[in-house]
Amino acid sequence: MGSSQQQNAPSAIQLPIIDISNPDTTVGAQMLEAAREFGFLYIDPKGTEFTEDLVVRQFELSRQLFSLPDSDKEKCRINRSNRGWTGMGGETLDPRTQRRGDLKEAFNMGEFINGRPEQPLPDLLERNIELLLEFEASCRKVSAQILDLLGLGLQIEDAQFFSSRHTQPSGCIFRLLHYSPLAQDSDYDPGVDIRAGAHSDYGSVTLLFQRPSQPGLEIRTSDDTWAPVPVFPEGYESSTTLPPILVNIGDLLSYWTNGLLKSTVHRVVFPKDSQSAGEDRYSIAYFCHPADQVELIPVPSRIVAEHVPDQNAEIGYGGGTPSQRALTAQQHLFKRLEATYGFRGEASAV
Ligand SMILES: O=C(O)CCC(=O)C(=O)O
Ligand SMILES: [Fe+2]
């Protein structure tokens, strides 16, 4: 790793880096601690199926996809099931404060059934379905390992309490993202406009893959300031140039634990210097969701039962955050999608 990657801005947050290759109670306790304190942590890819080669190939495919003319991507425009392509400015993650949409485009794939997502795909993705499947399956596996470690940390008697409730159908989304460069003559103002507005994620856990020289993610800290999250955390040692996987807790795990686990608000900003603001940012997110009909009642854990929720704290942030808790995973997702895209809250065929 080059030294520039280690020189983080002074306000960058230090999040734990967790190795999940030996998933014992100590690692479970570390995972719980990070999820309670920050709602964010890094996973060392060496304990996972994510090799540098796999991640690089997936990012290259993503780059090729977003290089296609919009008219090609348009054919797979996002549908009411939250699958497909959304163009630049098509999504507004923080409708209360943003004056215009996020300067990003994204391609969402729903859960894979019999080796593929159930939705129309551009030919480029059809031709690379094996790669997509490998990446998605690895995301699913890591997410289940994280959920089991959180269960271990919470001392839930059924060690697979969370992961066994992550069956299909669900709102899981494997998402490719592209943030375009800010052209000199753009009428976007990096002081006001944003690459991805402030929000919390809607599901249980999110995995985020980033590229070495494309920072931008910030999290809202407990003292109400924005802290950059470096792509490479300080002290991260690796024999490859593969960044660690950034993991965050979503609203549903926060509901499930009565607010004990934090669904932390985050956003993506333009780099401060104009030169890097003129560069693309690519990221890949895997939003893991429990089965649609899972009820979001607090899990059977002594630690959760003993937690006294802060009466003023609301779970989740961004469009569609309900004033009252949602009953099921699916109800929560519909509310949030309705607010960010203006979808009506109903399931529909792909
Ligand atoms: O692209 C990123 O770095 C973060 C994206 C994100 O937070 C989201 O899509 O929920
Ligand atoms: Fe997010």
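This briefing walks through the sheet, the helices lying across it, the iron site, the ligand surroundings and one loop residue. Please keep in mind that the model is predicted. At its heart for our purposes is an open sheet of 8 strands with mixed pairing. An iron ion (ligand 2) is held by donors from His199, Asp201 and His266, and these three residues also appear among those around ligand 1.

**The sheet**
- The strands follow the order β1-β2-β12-β9-β14-β7-β4-β3.
- β1 (17-18) and β3 (84-86) are the edge strands; each has a single partner strand, so one side of each has no neighbour in the sheet.
- For a closer look at one pairing, take β4 (residues 104-109) and β7 (residues 173-179), which run antiparallel to each other and share 6 bridges.
- Within that pairing, Met109 has Phe174 of β7 as its bridge partner.

**Helices across the sheet**
- Helix α2 (residues 25-37) lies across β1, β2 (40-43) and β12 (245-249), and its direction makes an angle of about 140° with β2.
- Helix α6 (residues 129-153) lies across β2, β4, β7, β9 (205-210), β12 and β14 (281-288).
- The angle between α6 and β9 is about 130°.

**The iron site**
- Which atoms serve as protein donors to the iron ion (ligand 2)? They are NE2 of His199, OD of Asp201 and NE2 of His266, at 2.1 to 2.2 Å from the ion.
- Along the sequence, the spacing of these donor residues reads H-x1-D-x64-H.
- Both His199 and Asp201 are buried.

**Around ligand 1**
- Besides the three iron donors, the residues around ligand 1 include Arg175, Leu177, Tyr179, Leu208, Leu217, Val268, Arg281, Ser283 and Phe287.
- Arg281 places a polar side-chain atom 2.3 Å from an oxygen atom of ligand 1.
- For Ser283, a side-chain N or O atom is 2.6 Å from a ligand 1 oxygen.
- His266, already met as an iron donor, has a side-chain N or O atom 3.1 Å from an oxygen atom of ligand 1.

**A loop residue**
- Ser239 sits in the loop that joins β11 (226-228) to β12.
- Is Ser239 buried or exposed? Its relative accessibility is 80%, and exposed means over 50%, so Ser239 counts as exposed.
- Ser239 and Leu65 are 174 residues apart along the chain, and their C-alpha atoms are 29 Å from each other.

Methods:
Residues numbered from 1 in each chain as written. Chains lettered and ligands numbered in written order. Predicted model: local features only at pLDDT ≥ 70, side-chain atom pairs only at ≥ 80, totals over all residues. Heavy atoms only, no water. Pairing = 2+ DSSP bridges. Helix = DSSP H or I, 4+ residues; strand = E, 2+ residues; numbered from the N terminus. Contact = heavy atoms within 4.5 Å. Axes fitted to C-alpha atoms, helices over the stretch in contact; angles between N-to-C directions. Donors = N, O, S within 2.8 Å, 3.2 Å for Na, K, Ca; no water. Buried < 20%, exposed > 50% of the residue type's maximum accessible area, 1.4 Å probe, protein only. Near = heavy atom within 4 Å. Polar contact = N/O pair within 3.5 Å; in protein donor to acceptor, adjacent residues only side chain to side chain.
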